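Open your viewer, set it to cartoon, and keep the selection box handy. We will go from stop to stop, and at each one I will say what to select and what is there.

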Amino acid sequence: MRAAPEDDPPTGAGETAGGLVGAVVGEDGLLARLRLDPRAMRFGSHELADYILGAVRAAQQDRLKRVGEPAPPPEESLDTEELIRRVNDMEAQAASDFARLTSSLEEMLRRLDEPLG
């Protein structure tokens, strides 16, 4: 992994499972890319989910190291209800995305277990 020049937007990258699972987060800190080596499909669904989570967290930590200290929050008051709504929306979206990913992985594993014919 190369060091980012000063004028590059701060992104982060992380890997787990000996490089079989990799993640990149964008300058906004959100997942930009997920890479799964085909050999990673041999892991059980829970183990693979743990590796994916680990790679994403490593990428987020890498980005935080590149950004440095976060900017102080603005002086304006925080709308607690809006914040709670946004967190609930993000939680629902994450649950939906994870369910879709798990379903896809289970389908791939099912297909791998089918006899060739």
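Start by selecting residues 12-16 and residues 21-25. These are β1 and β2, two antiparallel strands joined by five bridges. Strands here are DSSP runs of E of at least two residues, helices are runs of H or I of at least four, and both are numbered from the N terminus. Two strands pair if DSSP finds at least two bridges between them.

Before moving on, note that this is a predicted model, in which local features need pLDDT of at least 70 and side-chain atom pairs count only at pLDDT 80 or more, while totals for chains, interfaces and linings use all residues. Residues are numbered from 1 along each chain as its sequence is written, and side-chain values use heavy atoms, with hydrogens and water left out.

**Along the first pair of strands**

Select Gly14 and you will find its bridge partner, Ala23, in β2. Then pick Glu15, which stands opposite Gly22 of β2. Now look at the hairpin between β1 and β2: four residues separate the strands, and Ala17 takes a positive phi near 55 degrees.

**The sheet as a whole**

Add residues 31-36, which are β3. The open sheet now shows its three strands, in the order β1-β2-β3 with antiparallel pairing. β1 and β3 stand at the edges with a single partner strand each, so one side of each has no neighbour in the sheet. From one strand to the next, the twist averages 15 degrees. (Axes are lines fitted to C-alpha atoms, for helices over the stretch in contact, and angles run from 0 to 180 degrees between N-to-C directions.)

Five bridges also hold β2 to β3, again in the antiparallel sense. Gly22 stands opposite Arg35 of β3. In the hairpin that β2 and β3 form, five residues lie between the strands, and Gly29 in the turn has a positive phi of about 85 degrees.

**Buried or exposed?**

Colour β2 by accessibility: how many of its five residues are buried? Five of the five are. Buried means under 20% relative accessible area, exposed over 50%, and partly exposed in between, with a 1.4 Å probe and protein chains only. Show the side directions too: Val21, Ala23 and Val25 point one way from β2, whereas Gly22 and Val24 point the other way. Across the protein's 117 residues, 21% count as buried.

**A salt bridge across the sheet**

Which residue forms a salt bridge with Glu15? Select Arg35: the closest N and O atoms of the pair are 3.0 Å apart. A salt bridge here is a side-chain nitrogen of Lys or Arg within 4 Å of a carboxyl oxygen of Asp or Glu. This one links distant parts of the chain, with Glu15 in strand β1 and Arg35 in strand β3, 20 residues apart. Glu15 is exposed, at 53% relative accessible area, and Arg35 is partly exposed, at 37%. The structure holds ten salt bridges.

**Helix α1**

Next, select residues 45-67, helix α1, which lies across β1, β2 and β3 and runs at about 150 degrees to β1. Within α1, show the side chains of Arg66 and Asp62, which meet in a salt bridge of 3.2 Å, N to O. The two are four residues apart in the helix, so about one helical turn separates them. Asp62 is buried, with a relative accessible area of 13%, whereas Arg66 is partly exposed at 31%.

**Helix α2**

Move to residues 80-113, helix α2. Here Arg85 and Glu82 form a salt bridge of 2.6 Å, N to O, and the pair sits three residues apart, about one turn of the helix. Arg85 is partly exposed at 41% relative accessible area, as is Glu82 at 25%. Extend the selection to Arg86 and Asp89: together with Glu82 and Arg85, these residues are linked in a network of salt bridges.

For the last stop, show the surface of Leu83, Val87 and Met90, which make a nonpolar patch of about 280 Å². Patches use residues with over 30% relative accessible area and no salt bridge, joining like charges within 9 Å and nonpolar side chains (Val, Leu, Ile, Met, Phe, Trp, Tyr) within 5 Å. Val87 is partly exposed, at 41%. Areas come from the Shrake-Rupley method with a 1.4 Å probe, and for residues only the protein chains shown count as cover.

How values were computed:
Contact = heavy atoms within 4.5 Å.
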